[in-house]
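Reader: Please walk me through one part of this model in detail. Start from a single position and work outward through its surroundings.

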Amino acid sequence: MTETPFNAESEFDSQLDRLVQLGYPALAGLTESAFRNLVAPLRARAAEGTAGLPAPTDARVPFLLVITRDLIGVPERVELTTLAGKRKPGVVDRNYAEDDLPRFDPIKELEVPAGPAYLLFDVDRGEEFRNLAPATAMEGITAQGRLPLSIDEGLAFITLHPAALASNRCFSLIGSRCGDKRVPALWISQGAPKLGWCWYGNPHTWLGSASARPERIGLE
């Protein structure tokens with residue numbers, strides 16, 4: 001049986017449809033048409049950037065349409081995440097102090113494009129880095145010529161591909177830091193996704209570190 005070739009434009013349409021179905025336009029203060037038009041320029045770039053990449057799996061996807069906190073806040077997007085086949089909404093860990101999340105900025109190495117949305121390519125949840133401290137995982141990620149994911153990117157991953165977050169297949173988001181030793185992470189708590197944090201020097205058997213190709217393509 002011949003495998004169906006991966007179609008990046010169809011995947012882009014599917015990702016955009018999912019965001020619309022989840023209510024992203026209203027959260028952004030936009031009509032559905034305005035929201036679709038906003039990100040439409042990225043459709044062709046998705047096809048260009050995924051040449052030669054395989055179709056999505058639970059662990060690795062060719063690209064993500066990332067919506068940033070410039071358009072919709074982190075807590076609002078967390079609440080729209082679920083585990084694959086489940087309905088319980090995601091939560092932000094109570095150990096984040098009030099007004100704490102906005103302090104977690106993308107590290108400068110990511111060179112995140114300015115604006116409300118961008119494309120991220122060849123995204124992997126980083127199972128190989130399970131039971132390694134984020135500090136050690138960071139060395140491994142950069143040795144591969146890749147970069148870690150930010151909070152916005154991790155949320156895009158589990159929003160658009162909920163199966164990416166699974167038991168013993170959770171991941172740190174080393175690409176967002178706030179100047180201390182905390183590292184954001186996505187894991188499962190009481191049957192739902194949770195955005196929490198762990199320590200840069202502490203390993204966890206169930207926690208890998210997600211990464212992607214360095215280039216990020218913005219709207220400009």
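Author: A133 counts as buried, at 10% relative accessibility. The model is predicted. A133 sits in the loop between β4 and α6, and α6 spans residues 134-143. What does A133 touch, beyond residues up to four places away in sequence? The list is Y200, G201, N202 and P203. I217 is another matter. A133 and I217 are 84 residues apart along the chain, and 29 Å separates their C-alpha atoms.

The loop between β4 and α6 also holds N131. N131 has a positive phi of about 65°, although it is not a glycine. Buried, partly exposed or exposed? N131 is partly exposed, because its relative accessible area is 43%. D99 makes a useful companion. D99 is not a glycine either, and its phi is positive at about 65°. D99 belongs to the loop between β2 (91-92) and β3 (105-106). With a relative accessible area of 59%, D99 is exposed.

Now move to β12. G218 lies in this strand. G218 is buried, at 13% relative accessible area. Leaving out residues up to four places away in sequence, G218 touches L42, P113, A117 and Y118. A further pair spans a long stretch of chain. G218 and L120 are 98 residues apart along the chain, and their C-alpha atoms are separated by 9.2 Å.

L42 leads into helix α4. This helix covers residues 42-49, and its buried residues are L42, A46 and G49. Why do they share a side of α4? They span an arc of only 75° around the axis, so they lie on the same side of the helix. What do they pack against? Two helices are involved: α1 (8-22) and α3 (32-39). The strands are β1 (60-67), β4 (117-124) and β12 (216-218).

Just before α4 comes a loop. A40 lies there, between α3 and α4. A40 is partly exposed, because its relative accessible area is 39%. A40 and I67 are 27 residues apart in sequence. Their C-alpha atoms are 13 Å apart in space.

Take the pairing of α1 with α4 next. Their axes are 8 Å apart, and the packing angle is about 135°. The two helices are therefore oblique to each other. α1 passes α4 in a right-handed crossing. Which residues meet? From α1 come A8, E9, F12 and D13. From α4 come L42, R43, A44, A46 and A47. By class, this contact has six nonpolar and three charged residues, and no polar ones. L42 thus has two roles in this account: L42 meets α1, and L42 is touched by G218.

F12 carries the story on to α3. In α1, F12, L16, D17, L19 and V20 meet E32, F35, R36 and V39 in α3. The class count is six nonpolar, no polar and three charged residues. The axes of α1 and α3 come within 11 Å and cross at roughly 145°. This crossing is right-handed.

L19 opens one more route, to α7. T159 touches R18, L19, L22, Y24 and T81, not counting residues up to four places away in sequence. T159 is found in α7, which covers residues 151-160. T159 is buried, because its relative accessible area is 1%. How many of the residues of α7 are buried? The count is 10 of the 10, so α7 is largely enclosed by the rest of the structure. The buried residues include hydrophobic-looking names such as I151, L155, F157, I158 and L160. D152, E153, G154, A156 and T159 are on that list too.

To retrace the path: A133 is buried in its loop, at 10%. In β12, G218 touches L42. L42 is one of the buried residues of α4. α4 meets α1 through residues including A46 and A47. α1 meets α3 through residues including L16 and V20. T159 of α7 touches L19 and L22, among others.

Terms used
Residues are numbered from 1 along each chain as its sequence is written. This is a predicted model: local features need pLDDT of at least 70, side-chain atom pairs count only at pLDDT 80 or more; totals for chains, interfaces and linings use all residues. Side-chain values use heavy atoms; hydrogens and water are left out. Buried means under 20% relative accessible area, exposed over 50%, partly exposed in between (1.4 Å probe, protein chains only). Helices (H or I, at least four residues) and strands (E, at least two) are DSSP runs, numbered from the N terminus. The arc is that of the directions from the helix axis to the C-beta atoms. Contact means heavy atoms within 4.5 Å. Axes are lines fitted to C-alpha atoms, for helices over the stretch in contact, and angles run from 0 to 180 degrees between N-to-C directions. Angles under 35 degrees count as roughly parallel, over 145 as roughly antiparallel, 65 to 115 as roughly perpendicular and the rest as oblique. A crossing is left-handed if the near helix is turned anticlockwise from the far one by less than a right angle, and right-handed if clockwise. Ala, Val, Leu, Ile, Met, Phe, Trp, Tyr, Cys and Pro count as nonpolar, Asp, Glu, Lys and Arg as charged, and the others, Gly among them, as polar.
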